[in-house]
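Hi there,

Here is the structure I promised to pass on. My notes follow below it, so you can read them with the model open.

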Amino acid sequence: MDLKLYEIIYLISFGFLVGIIGSVMGIGGGAFIVPFLIIVFGLNIKKAIAVSLVSIIATSSAVASVNVERGLTNVRLGVLLEVTMTLGSIFATFIMISINPSVLQVLFAFMLLPTALSMYMGSKKREEDFIISDGGNKYYYYDPSLKKVVSYCVIKEKLAMFFSFFAGMLSGLFGLGGGLIQVPVMNLVCRVPMKVATSTSNFMIGLSSCASALILWKKGYVIPNISFFMILGVLFGSLFGMKILYRAKNSTIQFAFSVLLMITSFKMIYEVFK
Amino acid sequence: MRSEEKLFLRMVSFILKGGIFIFLFMNVISYLFLGIDPYFSRLIRYYSLFVLIITPLLRILGLGVGFLIIGEKRYSLYSFLVFLIVISGLIL
């Protein structure tokens with residue numbers, strides 16, 4: 001597919017914004033990429049999902065490469081949850097390949113509404129609300145926004161693994177990373193601090209996206225041109241976003257993007273029924 | 001954090017960064033060849049995506065080896081299990 005200059009600029013600019021959101025909030029940005037590619041470029045939803053998954057891999061790899069060294073990522077929890085997450089991802093990818101594209105698009109649009117609500121609810125929580133240090137294995141990280149070393153324990157890992165399966169299904173079915181489930185699950189169920197939850201989610205979503213993307217790449221759904229420019233924007237956005245993550249709070253960004261997701265959801269439903 | 005663990009996390013970070021750099025480098029090469037040999041250019045771009053896609057897979061393999069070296073066999077087993085799950089998805 002040959003791209004015009006203004007299309008390349010759109011892809012890079014949009015990828016940049018998505019990269020920022022992704023690195024700050026611990027999500028891949030698929031909830032924004034897929035509708036953008038369908039609405040602006042007129043792509044078939046399955047190809048849009050394939051491009052989204054590859055972009056998520058880029059975001060995840062870029063952000064995780066820094067956060068792992070900073071000690072923000074809980075790699076042990078990440079590896080544990082990846083077991084069920086990848087299973088869910090592969091299972092859902094095979095379902096996605098066989099579903100009618102219009103049905104998939106409507107399902108995706110309706111799925112955005114609870115996602116927007118989850119983001120809105122997340123914007124109301126304080127950073128310090130879920131830091132505890134009793135029970136389970138103890139972990140530590142330095143938080144510059146609180147200016148202290150924070151200790152926390154991880155609990156209810158088996159329950160989190162159960163939810164991870166569904167996070168993986170989001171990845172395979174809709175081209176999302178699964179971070180929209182993973183971050184609240186780690187924060188609320190496992191009682192992991194928000195920054196660690198977002199970092200660990202960023203770390204994990206690359207692999208669940210990899211599991212689906214490999215299948216879709218093999219079947220020829222990934223469009224190299226569009227993928228490259230989207231990834232370029234996403235990489236620059238991720239690098240910029242990482243500077244924000246380490247020092248800022250998430251609530252304003254979460255609120256703004258919950259509103260954007262709501263608007264996108266209605267637009268996508270409208271496009272299908274038009 | 002122990003020094004062996006810091007070293008193995010650095011290795012994981014290196015794998016992730018390496019995957020991204022190789023992907024970008026291959027795309028730069030592909031655009032250089034665009035006017036000379038369009039078919040070869042498209043081929044490089046196609047396989048650059050494959051390199052990016054398998055980066056997390058190499059990461060999990062690195063984690064498996066790293067956990068084994070620092071003596072955490074349980075997490076090493078989980079890592080290799082995840083690797084096998086992803087590979088089996090590709091084979092099916």
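Salt bridges first: there are five of them over all chains in this predicted model. Three that I looked at are described here.

A:Glu69 is a good place to begin. Its side chain meets that of B:Arg10 in a salt bridge, at 3.6 Å from N to O. This pair crosses between chains, running from helix H3 of chain A (residues 45–70) to helix H1 of chain B (residues 3–32). A:Glu69 also forms a salt bridge with B:Lys17, where the closest N and O atoms are 3.3 Å apart. Because B:Lys17 lies in helix H1 of chain B and A:Glu69 in helix H3 of chain A, this pair joins two chains as well. Taken together, A:Glu69, B:Arg10 and B:Lys17 are linked in a network of salt bridges.

How accessible are these residues? A:Glu69 has a relative accessibility of 39%, so it counts as partly exposed. B:Arg10 is partly exposed at 49%, and B:Lys17 is partly exposed at 32%.

Next comes the salt bridge between B:Glu72 and A:Arg76, whose closest N and O atoms are 2.7 Å apart. This one crosses between chains too: B:Glu72 sits in the loop between helix H2 (38–69) and helix H3 (73–91) of chain B, while A:Arg76 is in helix H4 of chain A (residues 75–98). Here both partners are buried, with B:Glu72 at 18% relative accessibility and A:Arg76 at 10%.

Now the cysteines, in case you were wondering about disulfides. A search of the whole structure finds zero of them over all chains. Why does A:Cys153 have no bond to A:Cys190? The sulfur of A:Cys190 is the closest cysteine sulfur to that of A:Cys153, but it is 12 Å away, which is too far for a bond. Both residues are buried: A:Cys153 has a relative accessibility of 2%, and A:Cys190 has 0%.

Last, have a look at A:Ser212, in helix H8 of chain A (residues 194–218). With 0% relative accessibility, A:Ser212 counts as buried. Which side chain does the side chain of A:Ser212 make a polar contact with? The partner is the side chain of A:Ser89, at 2.6 Å. Setting aside neighbours within four places in sequence, A:Ser212 is in contact with A:Leu53, A:Thr93, A:Ser171 and A:Gly172, along with A:Ser89.

Happy browsing, and do write back with any questions.

Best wishes

Methods
Residues are numbered from 1 along each chain as its sequence is written. Chains are lettered from A and ligands numbered from 1 in the order in which they are written. This is a predicted model: local features need pLDDT of at least 70, side-chain atom pairs count only at pLDDT 80 or more; totals for chains, interfaces and linings use all residues. Side-chain values use heavy atoms; hydrogens and water are left out. Helices (H or I, at least four residues) and strands (E, at least two) are DSSP runs, numbered from the N terminus. Buried means under 20% relative accessible area, exposed over 50%, partly exposed in between (1.4 Å probe, protein chains only). A polar contact is a pair of N or O atoms within 3.5 Å; within protein, one must be able to donate a hydrogen and the other to accept it, and residues adjacent in sequence count only if both atoms are side-chain atoms. Contact means heavy atoms within 4.5 Å. A disulfide is a pair of cysteine sulfur atoms within 2.5 Å. A salt bridge is a side-chain nitrogen of Lys or Arg within 4 Å of a carboxyl oxygen of Asp or Glu.
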